[in-house]
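Please look over the sequence and the model below before reading on. The paragraphs after it are meant to be followed with the structure open.

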Amino acid sequence: SDDLIWQIINNSFCSFMTKTKTSKFCRNEYNLTGLCNRHSCPLANSQYATVREEDGVIYLYMKVAERAHLPAKMWERVKLHRNYERAIGQIKEKLIYWNNWIRRRVIARFDRLLEVQKRSRRLVLTSETKLVPLSRKVERRERRREDKALVRAGLETAIEKEMLDRLRAANPEEFVNVDRAAYEKALQAVEVEDEEDDEESEEEEEDESESETEYVEDFDESEEEIEDIQEQQEEGEEEEPPVRQKLTLSSRGAAAIAPPRKRAKVTVEYDSD
Amino acid sequence: MTSRPIVTVQAAKEGEKSGASLALPSVFRAPIRPDILNFVHDQMRKNTRQPYAVHVKAGHQVSAESWGTGRAVARIPRVRGGGTSRSGQGAFGNMCRGGRMFAPTKTWRKWHRRINVQQRRFAVASAIAATGVTSLVMARGHRIEKISEVPLVVSDSVQDLKKTKEAVAFLKRVKAWPDIQKVYASQRFRAGRGKMRNRARIQKRGPLVIYAKDNGLCRAFRNIPGVTLICVSRLNLLKLAPGGHLGRFVIWSESAFRQLDQIYAKSKLPDNKMASTDLTGILRSDEVKAAVRPRQARQARAVLKKNPLKNVNVMAKLNPYALVLKRKAILAQRKALAKKRKADAPASSQKQQQKKQPAAKKAKQAAVKGKAVKK
């Protein structure tokens, strides 16, 4: 009933068949040619043979009508000799009374497999980069989810919290609640001066406005600055140390400062792809 | 077919002895007719439909009347009254916005189909027969590469399984698990509006377990994706050949398998139109060859007629002497030309002309010869 099977597979449905505009392919791994044909179909031929490579070893597979109903034992496997002449001899011996077409095609496929092996070995030596296919849909979806997750994580607030905690830990007694509003105001005042003076750097800023990167000093330094601010506030109208130009929270002091540095803001640089 | 192949029963539980042999029921030798099956399947699927229809009054809940001619508008009925944007709009027609559709669907459409009993039986027999053909089951897409035998018959202790864990272990032992893995891999969301209509998730079909008596089997298997369970006494075509495609992967319990012979007694089974469906084999058989006349020698095909007066080769075929004549003519012509040139041209170029001529002669002769040989 090979003919019957072929009729059903060909006309109604076969899960291994894929069509392109010009030809029909068979995705069954035991197919000899890779095409969907009456002759090549491993399902529609009760007597069939192929050559396949498993982990670098090439085997001859044979299927007979007698074992058609035992899928686990259907394919008889013969390991082919590494010597080409002997391997061909093996094939010819095993398929001696078989269909001419199958025998020829098996040998042809065997030759092809050897070529492929050669080529793939060469490739392994030369190629360094491996191409990995990207699924556009998946990539787009994942990216969107990353962005959302980033927003949800609230890194800024977390870092701020962490820094304040560390400060508190470092200076438990001296720490006084900094008036955030006043601090911000003072910062803004400094920024205004910044804008007036540094018009050159404005352009730069504009360029980077998208990624919103600000020049952030080292972590230690910025901590020191904040600490100094607090010290100054407590110590009142102490003279500013001449080495560094520091910001004082009194509005008097703000005007006196020139040329001002770019202040450390608690912003985090994000890596932009 | 007096001698029928033997099917071995596989052990369902660990430690069980497998190996009881049963003769293959005659159903598996029933003719496999995809055409009948497809037809019956189509008809059967219509029987679970729920009617849908448009509301009776849809599109007609307006009192609209045509304005008639002479108003520089199309003559469809228009909504009466004023004060709203609806007034004056077209109504009633299928082409109008808010109008009744063409041929409004009615609930009294014929939803269900009756199918002849014999056809139904034929189809189910075909479907069962197809489940016994390894190639068809593989072609349908089931992963049965590791299964020990087709049809897969399992000892009756399957029917006593109570826990899903045991059912899973059973499937793994019988090597049917890859088919379930395939189902897992295929779980996805439906494309289209079915999502909104409680049909969001889809997946492939897995194995069909046919039992004789349910002693907990159904509860054990029902939560495994892809698995369908039916009783032998109520074999359903829609489950045996889902989608109208032959060859679902079936796992039979031993008693279910035995019951098939009783359910499908010889009298109920359809006959095969052909005893052997191997057409190629039949055509190559000795009996046929003996009755057929020997093959005829290759017949000559009609050849396009070419004009001998224009085509040298055809002329040569008809009259070989024509070539000789032609050659003579060419040579004579050349001689005449040479004479003419000698007479006209100055003495210094005579030598050059003499040199050229023999070479040209040779080339021409070769060309003529070549043509004659090719034919």
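What follows takes up a helix of chain A, then a surface patch of chain B, and then the cysteines.

The model is a predicted one, and a convenient place to enter it is helix α1 of chain A, which spans residues 2-11 and is mostly covered, since 7 of its 10 residues are buried. The buried residues are Asp2(A), Asp3(A), Leu4(A), Ile5(A), Trp6(A), Ile8(A) and Ile9(A), and their cover includes three helices of chain B, namely α1 (34-45), α3 (134-140) and α9.

Helix α9 of chain B, part of that cover, comprises residues 279-284 and contains Leu279(B). Leu279(B) is partly exposed, with a relative accessible area of 46%, and together with Met274(B), Ile282(B) and Leu283(B) it makes a nonpolar surface patch of about 340 Å².

How many disulfides does the structure hold over all chains? The count is 0, and two cysteines of chain A illustrate the distances involved. The sulfur of Cys14(A) has its closest cysteine sulfur in Cys41(A), but the two are 5.8 Å apart, too far for a bond, because a disulfide requires the sulfur atoms to be within 2.5 Å. For Cys36(A), the closest cysteine sulfur belongs to Cys26(A), and that separation of 5.7 Å is likewise too far for a bond. Cys14(A) is buried, at a relative accessible area of 8%, and Cys36(A), at 11% relative accessibility, also counts as buried.

Definitions and conventions:
Residues numbered from 1 in each chain as written. Chains lettered and ligands numbered in written order. Predicted model: local features only at pLDDT ≥ 70, side-chain atom pairs only at ≥ 80, totals over all residues. Heavy atoms only, no water. Patch = residues over 30% accessible without salt bridge, like charges linked within 9 Å, V, L, I, M, F, W, Y side chains within 5 Å. Areas by Shrake-Rupley, 256 points an atom, 1.4 Å probe, with all protein chains shown as cover. Salt bridge = Lys/Arg side-chain N within 4 Å of Asp/Glu carboxyl O. Helix = DSSP H or I, 4+ residues; strand = E, 2+ residues; numbered from the N terminus. Buried < 20%, exposed > 50% of the residue type's maximum accessible area, 1.4 Å probe, protein only. Contact = heavy atoms within 4.5 Å.
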